Amino acid sequence: MKPADTLTTLFSHNLWANLRLLERCAELTREQLDATISGAFGSVHDTLQHIVEAEQSYFSRISTGQRFHGPEDAHPMTIADMAASARTTGAGFIEWASKVGASDTVQVNWEGTPRDVPKTIILTQVINHATEHRAQIMAILTQLGIEPPELDSWSYFDELRR
């Protein structure tokens, strides 16, 4: 196992966790993908898509300084589409995270008011947002009687050592 810097490790784990969850969810039926519980963002599928679309948006802000503009007539993504997008943005975060300086900002329209937001805050949000929503999906899976994947740092470490 090659040692990595802190940011590379954090964003590599985030990518790994997203892909592991998507792999598990690829095995679900349409009914299971449509399941939700109280307090969750939405269905398993909708929450996965939300994670992926948010990461597209966050990565666009980090890499270009611009808001992400997806196709207006976009259909719901398949699990395979989501995994491909997660790989792209995940690799992008791994590359860009160490390039972001403490004083780098991006302008965000915050509830109708333009604000300069430090890119470090956006990177923090990437990790926090995905972790929160992965936990919601894992709770839904548990309620369905489906064993969720282990996504913690210890499992990631063990997998790296194999």
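**Group meeting: charges, cores and a loop**

Let me start with a single side chain: at 45% relative accessibility, Asp34 counts as partly exposed. What I am showing you is a predicted model, and everything I say about Asp34 and its companions should be heard with that in mind.

Asp34 has a partner, namely Arg30, and the two form a salt bridge whose closest N and O atoms are 3.0 Å apart. Arg30 is likewise partly exposed, with a relative accessibility of 49%. In general terms, side chains of opposite charge can pair when their charged atoms come close. How many salt bridges does the count come to? The count comes to three, and I will take the other two in turn.

In one of them, Glu159 and Arg20 meet through their side chains, at 3.6 Å from N to O. This pair links distant parts of the chain, since Glu159 sits in helix 6, residues 153–161, while Arg20 sits in helix 1, residues 6–25, and the two are 139 residues apart. Glu159 is partly exposed at a relative accessible area of 33%, and Arg20, at 23%, is also classed as partly exposed.

The remaining salt bridge joins Lys99 to Glu95, again with the closest N and O atoms 3.0 Å apart. Lys99 has a relative accessible area of 49%, so it counts as partly exposed, and Glu95 falls in that class too, at 46%. Lys99 has a further relationship that I would like you to look at, for it lies over the face of Trp96, at 5.1 Å from the ring centre. There is a second arrangement of this kind, in which Arg115 lies over the face of Trp110, at 4.6 Å from the ring centre.

While we are on rings, the count of aromatic pairs comes to three, and Phe11, Phe59 and Phe93 form one aromatic cluster.

Now to a charge without a salt bridge. Lys119, which is found in helix 5, residues 119–143, is buried and yet has no salt bridge. Which side chain of opposite charge is nearest to Lys119? That side chain is Asp104, and it is 5.4 Å away. The pair is not counted as a salt bridge because the cut-off for the nitrogen and the carboxyl oxygen is 4 Å. Setting aside residues up to four places away in sequence, Lys119 touches Arg61, Ile62, Val100, Asp104, Thr105 and Val106.

Several of those names return when we look at Val117, a residue of strand 2, residues 113–118. Val117 is buried, at 8% relative accessibility, and its contacts beyond four places in sequence are Asp104, Thr105, Val106, Val108, Trp110 and Ile122. As for distances along this part of the chain, the C-alpha atoms of Val117 and Ser103, which are 14 residues apart in sequence, are separated by 9.7 Å.

Let me turn to the interior. In soluble globular proteins, nonpolar side chains tend to be buried together. Here the largest nonpolar core has 27 residues, and those with the most contacts inside it are Leu22, Cys25, Val44, Leu48 and Ile137. Helix 1, helix 3 (44–64), helix 4 (79–97) and helix 5 each supply at least two residues of this core, and the largest share, seven residues, comes from helix 1. Leu48 gives a good view of the arrangement, as it is in contact with Leu21, Leu22, Cys25, Ile79, Met82 and Ile137, once its neighbours within four places in sequence are left aside. A second, separate core has 14 residues, including Ala54, Tyr58, Ile62 and Val106; Ile62 and Val106 are also among the residues that Lys119 touches.

I will close with two exposed positions. Gln143 lies in helix 5 and counts as exposed, at 62% relative accessibility; its C-alpha atom and that of Ala84, 59 residues apart along the chain, are separated by 28 Å. The other position is Glu111, in the loop between strand 1 (105–110) and strand 2, which is exposed at 78% relative accessibility. Most residues other than glycine have a negative phi. What is the phi of Glu111? It is positive, at about 50°, although Glu111 is not a glycine.

Terms used: Residues numbered from 1 in each chain as written. Predicted model: local features only at pLDDT ≥ 70, side-chain atom pairs only at ≥ 80, totals over all residues. Heavy atoms only, no water. Helix = DSSP H or I, 4+ residues; strand = E, 2+ residues; numbered from the N terminus. Buried < 20%, exposed > 50% of the residue type's maximum accessible area, 1.4 Å probe, protein only. Lys, Arg positive; Asp, Glu negative; His and termini not counted. Contact = heavy atoms within 4.5 Å. Phe/Tyr/Trp six-rings, centres within 6.5 Å; stacked < 30°, edge-to-face > 60°. Lys NZ or Arg CZ within 6 Å of the ring centre and 35° of its normal. Core = buried A, V, L, I, M, F, W, Y, C linked by side-chain atoms within 4.5 Å.
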